[in-house]
Amino acid sequence: MSKVAIHAIYDDEEPLMATAKELRSKGIKVKDVYSPFPIHGIDAVIGTPRTRIAICAFIYGITGTCLATLMMWYMMIHDWPTDVGGKPSFAYYMNVPAFIPITFEATVLCAAHGMAITYYLRCWMLPGVKAKNPDPRTTDDKFLMIVETKEENKNNIEAVLKNGGASEISYK
Amino acid sequence: MQHESEIREPLILGNKSYHQITEDIVKPIEGKATKYWYMLLTVSVICFLWGIWCLSYTIGTGIGVWGSNNGVDWAWDITNFVWWIGIGHAGTLISAVLLLFRQKWRMAINRSAEAMTIFAVMCAAIFVLLHTGRPWLDYWLFPLPNQFGSLWVNFNSPLMWDVFAVSTYFSVSLVFWYTGLVPDFAMIRDRAVKPMAKKVYSLLSFGWGGSARHWHRFEEVSLVLAGLSTPLVFSVHSIVSTDFATSVVPGWHTTIFPPYFVAGAVFSGFAMVLTLLLIMRKIYALENYITIKHIEYMNIVIIVTGSIVGVAYLTELFISWYSGVEYEQYAFLNRATGPYWWAYAAMMTCNVISPQLFWFKKLRTNLTFTFIMSIIVNIGMWFERFVIIVPTLCRTFLPSSWNMYHPTFVDIGIYTGTIGMFFTFFLLFTRYFPVIAQAELKSILKSSGQEFKEKHAAHGHSHDAAH
């Protein structure tokens, strides 16, 4: 049985949200929603898994902390200890108060950039990538919902989408 | 949809639809530039070019062409550096701290405030790179192995902390700003007609499509970046203040410096945001988005931070007397009554007295008055940094090394040049970038838009009557 994707355009986010809820109650999965701004609460309705990008940021941050610690220990304590301004540098713990600012900055640097790079790669957003929205109006004021279904169910679903207030329906 | 109390004033005026917001935001980009824009750009570019000439002259001849001398070895360079870095702080405060506090009024101003941050930090970087004297050796600032010319850098030094703080601050602000810009670039891309514009905005928008999954990640990334930027912004000016506070120079060696610098930074930054926005909303007809209420909110931040700065000045004075250390006492006596008393007086008037006028609602909602005040605050904050640096250094421990400082035309030229550069970049930004975060703004239209609020209020009343 061949699959078909129904593209339904809405003029507003509330009818789209209501329709998505109805589809969920009928056990029909919404494939994706494209909108000009984040619709709050849509993730739970269409079953978007919670992103783990914040966990990545934490791991990148810890990495930054470790790298900075290692760098300063190596340069100031191990490789070439220098007594600057009477600040003892014979052991890491003696010198550590002066290292805190850079440790903090390196943590933030790695967490922020690591997370941003992960975000752009995970969403596959890079210079030169083709626009991902199927309809250019969805960055302006239209809301697009895509439902993938079997050929035989399409009339059923189309009725739900239409009743929910879809202004245009097309098949891809 | 989120509902908002009727008592809160609307943040988007007029009868706007989502499409109307799009139209209003792209108008400056798709339309022709006005003659005011060209006039401002010409003046800015002339200042910028003059600054480049003075900068080249400095590099070619050496920093002997500045007014800095053997006593006053930090002068306009560090004054301007601290001033510009401070200005940048408002952008991060608006975009990060106000995001964490879920302040919706940030959405109309965060984009341009962050742009301001980035350009201000670029201006600051010029001074800090030049003041080393031999800028071609500035790579020594990085932790490079000894065979590159020097020993390992000294991580005990606040100047080194500064290198890490400022470069982290700049790059993280840039990423934060750009991540927010991507959906708006996509909006311009999707409606662009000219092939060149289509191509450029396609490249800039990274293929953004706005699927629910991507919005979900986008929001998470914004939130975490805000959470990271908040301590970052406070750390940056704290570290800048330790450049002074960890020295043993009387008048600098004070623990109050970090909070006092941060408050001053936010204070001057908000003033600069006001200067820029008051011009921008007028030229691009953005009065419906950057409303009087937005201006009032910013003026309230100015009263709060201005008062913190005022308290800090008085605390410093009190502590210098109460400490019983005569060097410390002299440092402050010299600031207030010494050869640079006029700079101290300007600082006190502009920063402590004048912002208190904003307690009057009439004044803080008056645009002309706000504009004049924003300039006064910026002048005042420049004098604050000047007062900390020059009067202190011109009267240090050895009276034999006491001398006055006079800026040369090169000092003035480089400073003017950075102001020119700042405005050139900002004007180009307003012409080619979406100056308001339209995607975010659309998400609050139904809770904070005037039309929707009024409809909701009318509906609410009829509902009450029915009971």
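Helices and strands here are DSSP runs, a helix having at least four residues and a strand at least two, numbered from the N terminus. Keep that in mind as you move through this predicted model.

**Stop 1: chain A**

Select chain A. Its elements, followed from the N terminus, run β-α-β-α-α-α-β-α-β. That gives five helices and four strands. Now zoom out. Chain A has a radius of gyration of 26 Å, well over the 16 Å from the globule rule for 172 residues, so this chain is more spread out than a compact globule. Its C-alpha trace spans about 80 × 35 × 30 Å along the principal axes. Colour by burial next: 38% of the 172 residues of chain A count as buried. Among contacts in chain A with a separation of 6 or more, 76% join residues 24 or more positions apart.

**Stop 2: where the chains meet**

Show both chains. How many residues does each chain bring to the contact? Chain A gives 57 residues and chain B gives 53 residues. On the side of chain A, the elements that give two or more residues are β2 (30-34), α2 (42-46), α3 (53-79) and α4 (92-122). Highlight α4(A): the largest share of this side, 17 residues, comes from there. Colour the same side of chain A by class, and you find 37 nonpolar, nine polar and eleven charged residues.

**Stop 3: chain B as a whole**

Hide chain A. Chain B has 17 helices and zero strands. Its C-alpha atoms fill a box of roughly 85 × 55 × 40 Å, taken along the principal axes. The radius of gyration of chain B is 24 Å, which agrees with the value near 23 Å for a compact globule of 467 residues. Of these 467 residues, 51% count as buried. Residues 24 or more positions apart make up 83% of the contacts in chain B with a separation of 6 or more.

**Stop 4: helix α4 of chain B**

Select residues 110-130 of chain B. This is helix α4, with 21 residues. From first C-alpha to last it reaches 30 Å, close to the 30 Å expected at 1.5 Å a residue. Why is α4(B) described as largely enclosed by the rest of the structure? Because 18 of its 21 residues are buried.

**Stop 5: B:Thr418**

Go to helix α14 (residues 409-432) of chain B and pick B:Thr418. It has 25 C-beta neighbours inside 10 Å, so B:Thr418 counts as buried; the cut-off is 20 or more. Beyond residues up to four places away in sequence, B:Thr418 touches B:Gly51, B:Asn80, B:Trp84, B:Cys123 and B:Ile126. Draw a line to B:Cys123: the two are 295 residues apart along the chain, yet their C-alpha atoms are separated by 5.5 Å.

**Stop 6: B:Met280**

Move to helix α8 (residues 257-283) of chain B, where B:Met280 lies. B:Met280 counts as buried, with 21 C-beta neighbours inside 10 Å. Leaving aside neighbours within four places in sequence, its contacts are B:Ser112, B:Leu286, B:Thr430 and B:Val435. Now find B:Arg395, 115 residues away along the chain; the C-alpha atoms of B:Met280 and B:Arg395 are separated by 43 Å.

**Stop 7: a helix crossing**

Finish with helices α11 (residues 341-353) and α13 (residues 367-393) of chain B. Their axes come within 8 Å and cross at roughly 145°. The crossing is left-handed. Residues of α11(B) in the contact include B:Tyr344 and B:Met347, and those of α13(B) include B:Phe383 and B:Glu384. By class, the contact divides into 13 nonpolar, two polar and one charged.

Notes. Residues numbered from 1 in each chain as written. Chains lettered and ligands numbered in written order. Predicted model: local features only at pLDDT ≥ 70, side-chain atom pairs only at ≥ 80, totals over all residues. Contact = placed C-beta atoms within 7 Å. Nonpolar A, V, L, I, M, F, W, Y, C, P; charged D, E, K, R; others polar. Expected span 1.5 Å × (residues − 1). Buried ≥ 20, exposed ≤ 12 C-beta atoms within 10 Å, placed from the backbone. Rg over C-alpha atoms; globule rule 2.2 N^0.38 Å. Axes fitted to C-alpha atoms, helices over the stretch in contact; angles between N-to-C directions. Left-handed = near helix turned anticlockwise from the far one by under 90°.
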